[in-house]
Amino acid sequence: MVRIENDKRLLEHTMHSATMVFKRAATPHPEKADWSVDDVEALLGLPFMELVFRAAEIHRQFFDPTKVQLSTLVSIKTGGCPEDCGYCPQSVHHDTPVADQPMMTVDEVVAAARQAKANGAGRFCMGAAWRGPKDADLQKTLDMVREVKALGLETCATFGLLRDGQAEQLKDAGLDYYNHNLDTAPDKYGDIIQTREYEDRLDTLGKVRKAGLSVCCGASSA
């Protein structure tokens, strides 16, 4: 009986602690804007399992550790990309079976988003194979973002390099996240891509942040 009561108290304490953690999740994690080289080196120098432990602690402070978010990515414009990324089969510079296809219609994208939501997705991401959206293309994507957002889904886009004002238009249409990877390190960039510069990617990331969009960004070790 004593053990049962102790177990009940432990469970109640755990549930209370979890509730407190989940309540704190409403507060976004503050960004550290003044990382020094020493800060980064100290972080990278930690043992791997220590990094895993710290990451799990932070994750539990701001998210429910028993849940994952499902996301769906749809290519709204496939093939025919003028960029020469060495890893991408959609580039016109490579001999691949991926054909240049026209952009999907708004109705087609909305239908795909409805299906994604029915399958349990909470975020819907739209990707396009081009260097960056032309004005006419952007107007179509803005309609797509508005319609997908109206379904109650988080919206994400990966449309390549953005020009001045385009990030703000996407934000106004209801876009939540912009995916824009750095691909690799600056000193290796020319080994895999010659049609743009590393700084071009940073420039778009700056536009995205300035517009108030959340950033999804990664880099490979290619």
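**Strands, helices and surface of a predicted model**

Q: Which residue of β4 stands opposite A157?
A: Y178 stands opposite A157. The structure is a predicted model, in which local features need pLDDT of at least 70 and side-chain atom pairs count only at pLDDT 80 or more, while totals for chains, interfaces and linings use all residues. Residues are numbered from 1 along each chain as its sequence is written, and side-chain values use heavy atoms, with hydrogens and water left out.

Q: What makes β3 and β4 paired strands?
A: Two strands pair if DSSP finds at least two bridges between them. Strand β3 (residues 154–158) and strand β4 (residues 177–179) are joined by two bridges, so they count as paired. The two strands run parallel.

Q: How are the five strands of the open sheet ordered?
A: Their order is β1-β2-β3-β4-β5, with parallel pairing. Strands β1 and β5 (214–216) are the edge strands, because each pairs on one side only. On average, neighbouring strands are turned by 25° against each other, direction ignored.

Q: Which elements does the whole chain contain?
A: There are eight helices and five strands, where helices (H or I, at least four residues) and strands (E, at least two) are DSSP runs numbered from the N terminus. Along the sequence they follow the pattern α-α-α-β-α-β-α-β-α-β-α-α-β.

Q: At what angle does helix α5 run to β2?
A: Helix α5 (residues 135–150) runs at about 170° to β2 (123–128) and lies across β1, β2 and β3. Such angles run from 0 to 180 degrees between N-to-C directions, with axes fitted to C-alpha atoms, for helices over the stretch in contact.

Q: Why is L44 called exposed?
A: Buried means under 20% relative accessible area, exposed over 50% and partly exposed in between (1.4 Å probe, protein chains only). L44, which is placed in helix α2 (residues 37–44), has a relative accessible area of 66%, and is therefore exposed. Together with W35, V40 and L43, L44 makes a nonpolar surface patch of about 400 Å².

Q: Why does Q90 count as partly exposed?
A: Its relative accessibility is 22%, so Q90 falls between the two limits. Q90 lies in the loop between β1 (71–77) and α4 (106–118).

Q: Which residues does Q90 touch, not counting those up to four places away in sequence?
A: Contact means heavy atoms within 4.5 Å. Q90 touches S75, K77, T78, G79, G80, C81, V98 and A129. The C-alpha atoms of Q90 and A129 are separated by 6.8 Å, although these residues are 39 residues apart along the chain.

How values were computed. Patches are made of residues with over 30% relative accessible area and no salt bridge: like charges are joined within 9 Å, nonpolar side chains (Val, Leu, Ile, Met, Phe, Trp, Tyr) within 5 Å. Accessible areas come from the Shrake-Rupley method with a 1.4 Å probe; for residues, only the protein chains shown count as cover. A salt bridge is a side-chain nitrogen of Lys or Arg within 4 Å of a carboxyl oxygen of Asp or Glu.
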